[in-house]
Amino acid sequence: YQAKRDRTGVEAYESKRDSNTPDRLGLLGDLRRALDAHEVELHYQPKVRFDGQVSGLEALVRWVHPERGRVPPDEFIAIAESSGLMPQLTEYVLETALGQVAVWRSQGLFVPVAVNVSPRDVHSPGFAGSVAARLARHGVPAGALQLEITEHVLLEDPTRAADTLNALTGHGVKMSLDDFGTGYSSLVHLRRLPVSELKIDRSFVARLAVDTEDAEIVRCTIDLAHSLGLLVVAEGVEDDETWERLRDLRCDAVQGWLVAAAMPPDETTAWLLARGSRGWQRPAAALPAAT
Ligand code: C2E
Ligand code: MG
Ligand code: MG
Ligand code: MG
């Protein structure tokens, strides 16, 4: 767990981490209340193409606990997942994200939003129908919603999962395969899942510019995805050199702190408006040419 926290750079929540401590149960109760009280927020992180165009925003859940401060998503999502609270969390996230998409659309900002869903969601009966109903209620076209899933959706009941995902894509919702490369038998999964986008996990991207093996893995993944007709997004792009390497490898889009971290809704609106139709420009590229 320590390593994970270091990797995400989140510094907040300190306590013992045994799976069923009173502490964990306390946190579960607090999360349930926080959802009811609308104290859980969504931040949005842009995905940008190499020409600077914003191809979408990923909704990332944020919870500031009144006493403990910021609780990292990895932590409370694991609790929600193992306690049966996940469907409620996902409903909350979908509802909030679609409400925000509707507001942005009314402001002339037609940017698609991606929501992370868990294997639990994909296995819950009626999930596809409830997503479709929610889109209709918000007056948001299905093409403005993307769902990020991981290979874990296929571990439990692959046939059921595939049915749900096919129903969702049938409604016009786009599917994205998150954290690619961290599961197992990834190639089999790629063939079975109706996804249109693949996200290369940050752990391969982080050392792309310095580690030749990671660079080779990224290159092969991009080529494979393209040969299957998928778009490729690289997660966790933090520096210029990585951005350039990915562009040279013909990756389609990037996400990462180089472009922007996840931002609260108002800041995201300002970020989108400030870029307008020019999209995002790298700071270096924005400098006037030397004379
Ligand atoms: P993810 O979907 O793979 O999201 C990417 C994570 O990488 C996010 O962490 C994001 O803040 C972080 N990140 C983005 N750019 C950079 C970068 O340049 N460098 C580094 N070091 N990190 C970067 P976050 O927000 O802590 O979320 C962690 C995970 O929690 C997510 O991984 C996702 O699996 C899960 N999650 C977040 N929100 C939700 C949600 O609403 N529902 C569900 N089911 N899961 C969620
Ligand atoms: Mg994601
Ligand atoms: Mg990811
Ligand atoms: Mg990840």
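**Note on ligand 1 and helix α11**

1. In this predicted model, an oxygen atom of ligand 1 lies 3.0 Å from an N or O atom in the side chain of aspartate 179. The side chain of asparagine 116 likewise has an N or O atom 3.0 Å from an oxygen atom of the ligand. Tryptophan 257 takes part through its backbone, with a polar atom 2.8 Å from an oxygen atom of ligand 1. Taken alone, ligand 1 has 800 Å² of accessible area, and the protein covers 89% of that.

2. There are 21 residues around ligand 1, and those that come nearest are Arg62, Asp178, Arg202, Glu238 and Trp257. At least two residues of the shell come from each of β2 (54–65), α3 (73–83), α4 (86–106) and β6. The most are given by β2, with four residues.

3. Helix α11 runs over residues 212–227, 16 in number, and its first and last C-alpha are 22 Å apart, close to the expected 22 Å. At its start, a side-chain oxygen of aspartate 211 comes within 2.8 Å of the backbone nitrogen of glutamate 213. After the helix comes glycine 229, with a positive phi near 80 degrees.

4. Which residues of α11 are buried? They are Asp214, Ala215, Val218, Thr221, Ile222 and Ala225. These residues lie on the same side of α11 because they cover an arc of only 130 degrees around the axis. The face turned away from the buried side carries exposed Thr212, Glu213 and Ser227.

5. The cover over the buried residues of α11 includes β6 (174–180), β7 (197–200), α10 (202–205), β8 (231–234) and α12 (240–248). Of these, β6 also supplies at least two residues of the shell around ligand 1.

How values were computed
Residues numbered from 1 in each chain as written. Chains lettered and ligands numbered in written order. Predicted model: local features only at pLDDT ≥ 70, side-chain atom pairs only at ≥ 80, totals over all residues. Heavy atoms only, no water. Expected span 1.5 Å × (residues − 1). Buried < 20%, exposed > 50% of the residue type's maximum accessible area, 1.4 Å probe, protein only. Arc of directions from axis to C-beta. Contact = heavy atoms within 4.5 Å. Polar contact = N/O pair within 3.5 Å; in protein donor to acceptor, adjacent residues only side chain to side chain. Near = heavy atom within 4 Å. Areas by Shrake-Rupley, 256 points an atom, 1.4 Å probe, with all protein chains shown as cover.
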